[in-house]
Amino acid sequence: MSHSYLKKILVTGGLGFIGSHTVVELQQQGFEVIIIDDLSNSSKEVLNGITAITQQTPAFAEIDLKDKQAVSAFFSNHSDIGGIIHFAAYKAVGESVEKPLQYYDNNLGGIVNLLLEAEKLNRSLPFIFSSSCTVYGQADALPITEDAPIKKANSPYGNTKQIGEEILFDVTQSKDIVNVISLRYFNPIGAHPSLEIGELPIGKPQNLVPFITQTAAGLHDKLTIFGDDYPTTDGTCVRDYIHVVDLSKAHVVALQRLLNQKQTSNYEVFNLGTGTGSSVLEVVQSFERTSGRSLAYEIGPRRTGDVIAAYADTSKANNELGWKTEKTLDEAVDSAWKWEQKIRGI
Ligand code: WQD
């Protein structure tokens with residue numbers, strides 16, 4: 001078996017926030033990368049940021065994974081793909097409630113079209129899936145382990161992650177098409193230390209850290225903290241904020257696990273977090289400490305759908321995957337602020 005294709009990796013959604021950081025880590029580990037992205041929530045400029053870091057411009061194809069013909073043509077030209085890391089998906093929780101069909105069509109149609117093409121390769125392809133801790137809902141026990149029960153998703157977005165995992169699991173049980181690792185992310189934040197790539201939310205950000213940095217940059221009057229009457233240390237919700245570079249490195253480790261056939265089953269799941277919970281107020285304090293600036297905020301009503309607390313039990317990822325986070329909350333929040341300053345020219 002020629003081993004040349006083991007090195008050519010397809011990254012769908014590779015111009016997105018986590019995708020672009022993962023492309024950098026793949027290139028720095030010697031992989032050749034080809035990106036598929038439909039540019040619906042990203043920009044081709046990100047290719048320049050990746051190149052500025054690694055001096056290698058990944059191949060890029062502007063393809064909508066819902067377009068079966070385009071996906072099929074792509075695989076006809078790239079039958080030497082050695083693995084797939086699948087990020088491409090719509091990811092706004094609130095938007096998914098308003099537009100469920102678009103979310104099911106895009107997020108699930110994309111997975112099915114990729115798998116239909118993988119099946120034609122007649123070999124078992126390593127497949128890394130971008131999943132989310134949202135599949136656990138409000139877990140009964142903290143920290144959250146991979147065998148915590150999957151709760152009914154509280155948004156179509158979260159449901160597309162659950163159903164996506166089920167589709168992948170079922171395919172691994174039928175025949176040799178893909179070997180799968182689903183990575184359940186906690187809360188990805190921050191930017192690459194080079195400040196060549198980072199998070200580029202379109203419109204008003206839903207997520208906490210980009211809202212904080214945009215507020216500090218003057219784009220919003222103040223942050224609204226969605227409730228401070230939760231049963232937590234300071235009344236605000238607790239999450240596990242993981243630096244996007246730590247998260248991206250985990251994808252390369254997971255891919256190498258499959259390429260080296262170290263998996264213990266054809267379908268594996270790993271929680272990716274720091275193992276430490278931080279409250280909203282603690283994140284605000286981290287911003288103020290690292291930036292030396294005070295942040296304007298008010299306490300507002302709770303946000304529907306928010307869980308009280310979620311943070312990862314990292315022992316499986318640490319012990320079986322052989323990966324752990326290295327960066328602190330302060331480093332992640334500081335990199336997010338430095339990135340915001342760069343893209344706003346302040
Ligand atoms: C974090 C905390 C808010 C904004 C979601 C998805 C998850 C993943 C990450 C895509 C909560 C509070 C936020 C604000 C606030 N998305 N908050 N004011 O909801 O944990 O996770 O984003 O993959 O799948 O579910 O992240 O950053 O939106 O919120 O008080 O303006 O910050 O209430 O407690 P969340 P978040």
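This text walks through a predicted model, from its ligand site to its aromatic pairs and then to its loops.

Start with the ligand. The shell around the ligand counts 20 residues. The closest are Tyr157, Leu208, Thr224, Arg239 and Asp306. Sorted by class, the shell has ten nonpolar residues, six polar ones and four charged ones. On its own, the ligand has 680 Å² of accessible area. The protein covers 89% of that area.

Where do the shell residues come from? Domain 1 (3–189 + 241–272) gives at least three residues, and domain 2 (208–240 + 275–341) also gives at least three. Two elements, α7 (208–216) and β8 (223–226), give two or more residues to the shell. Strand β8 gives the most, with four residues.

Now look at the polar contacts of the ligand. Asparagine 187 places a polar side-chain atom 3.0 Å from an oxygen atom of the ligand. Arginine 303 also uses its side chain: an N or O atom there is 2.9 Å from a ligand oxygen. Threonine 224 works through its backbone instead. One of its backbone N or O atoms lies 2.8 Å from a nitrogen atom of the ligand. Threonine 224 is also listed among the closest residues of the shell.

Move on to the aromatic rings. The structure holds four aromatic pairs. One of them joins phenylalanine 169 and tyrosine 267. Their ring centres are 5.5 Å apart, and the planes stand at 90°. The geometry is edge-to-face, because an angle over 60 degrees counts as such. Phenylalanine 169 sits in helix α6 (residues 156–174), and tyrosine 267 sits in strand β11 (residues 267–272). The pair therefore ties together parts that are 98 residues apart in sequence. Are the two partners buried or partly exposed? Phenylalanine 169 has a relative accessible area of 38%, so it is partly exposed. Tyrosine 267 is at 14%, so it is buried. The cut-off for buried is under 20%.

A second pair is made by phenylalanine 287 and tryptophan 337. This pair is edge-to-face too, with 5.5 Å from centre to centre and 80° between the planes. Phenylalanine 287 belongs to helix α9 (residues 280–291). Tryptophan 337 belongs to helix α11 (residues 329–344). The contact is thus one between two helices, and it ties together parts 50 residues apart in sequence. Both partners are buried here. Phenylalanine 287 has a relative accessible area of 1%, and tryptophan 337 has 3%.

Next come the loops. Threonine 233 is in the loop between β8 and β9 (238–239). At a relative accessible area of 77%, threonine 233 is exposed. Serine 279 is 46 residues away from threonine 233 along the chain, yet their C-alpha atoms are separated by 8.1 Å.

Serine 43 lies in another loop, between β2 (32–37) and α2 (45–54). Serine 43 is partly exposed, with a relative accessible area of 27%. A polar atom of its side chain lies 2.9 Å from the backbone nitrogen of glutamate 45. Glycine 300 is 257 residues away along the chain, and the C-alpha atoms of serine 43 and glycine 300 are 33 Å apart.

Finally, check the backbone angles. The peptide bond from leucine 142 to proline 143 is cis, with omega near -5°. Proline 143 is in the loop between β5 (125–132) and α6. Helix α6 is also the helix that holds phenylalanine 169.

Which residues other than glycine have a positive phi? Asparagine 122 is one, with phi of about 50°. Leucine 195 is another, with phi near 60°. Asparagine 122 is in the loop between α5 (100–120) and β5. Leucine 195 is in the loop between β7 (187–189) and α7. Their exposure differs in class. Asparagine 122 has 69% relative accessibility and counts as exposed. Leucine 195 has a relative accessible area of 18% and is buried. The helix that follows the loop of leucine 195, α7, is one of the elements that give two or more residues to the ligand shell.

Notes:
Residues are numbered from 1 along each chain as its sequence is written. This is a predicted model: local features need pLDDT of at least 70, side-chain atom pairs count only at pLDDT 80 or more; totals for chains, interfaces and linings use all residues. Side-chain values use heavy atoms; hydrogens and water are left out. A residue is near a molecule or strand if one of its heavy atoms lies within 4 Å of it. A polar contact is a pair of N or O atoms within 3.5 Å; within protein, one must be able to donate a hydrogen and the other to accept it, and residues adjacent in sequence count only if both atoms are side-chain atoms. Accessible areas come from the Shrake-Rupley method with a 1.4 Å probe; for residues, only the protein chains shown count as cover. Ala, Val, Leu, Ile, Met, Phe, Trp, Tyr, Cys and Pro count as nonpolar, Asp, Glu, Lys and Arg as charged, and the others, Gly among them, as polar. Domain bounds come from an automatic or database domain assignment. Rings of Phe, Tyr and Trp (its six-membered ring) pair if their centres lie within 6.5 Å; planes under 30 degrees apart count as stacked, over 60 as edge-to-face and the rest as tilted. Buried means under 20% relative accessible area, exposed over 50%, partly exposed in between (1.4 Å probe, protein chains only).
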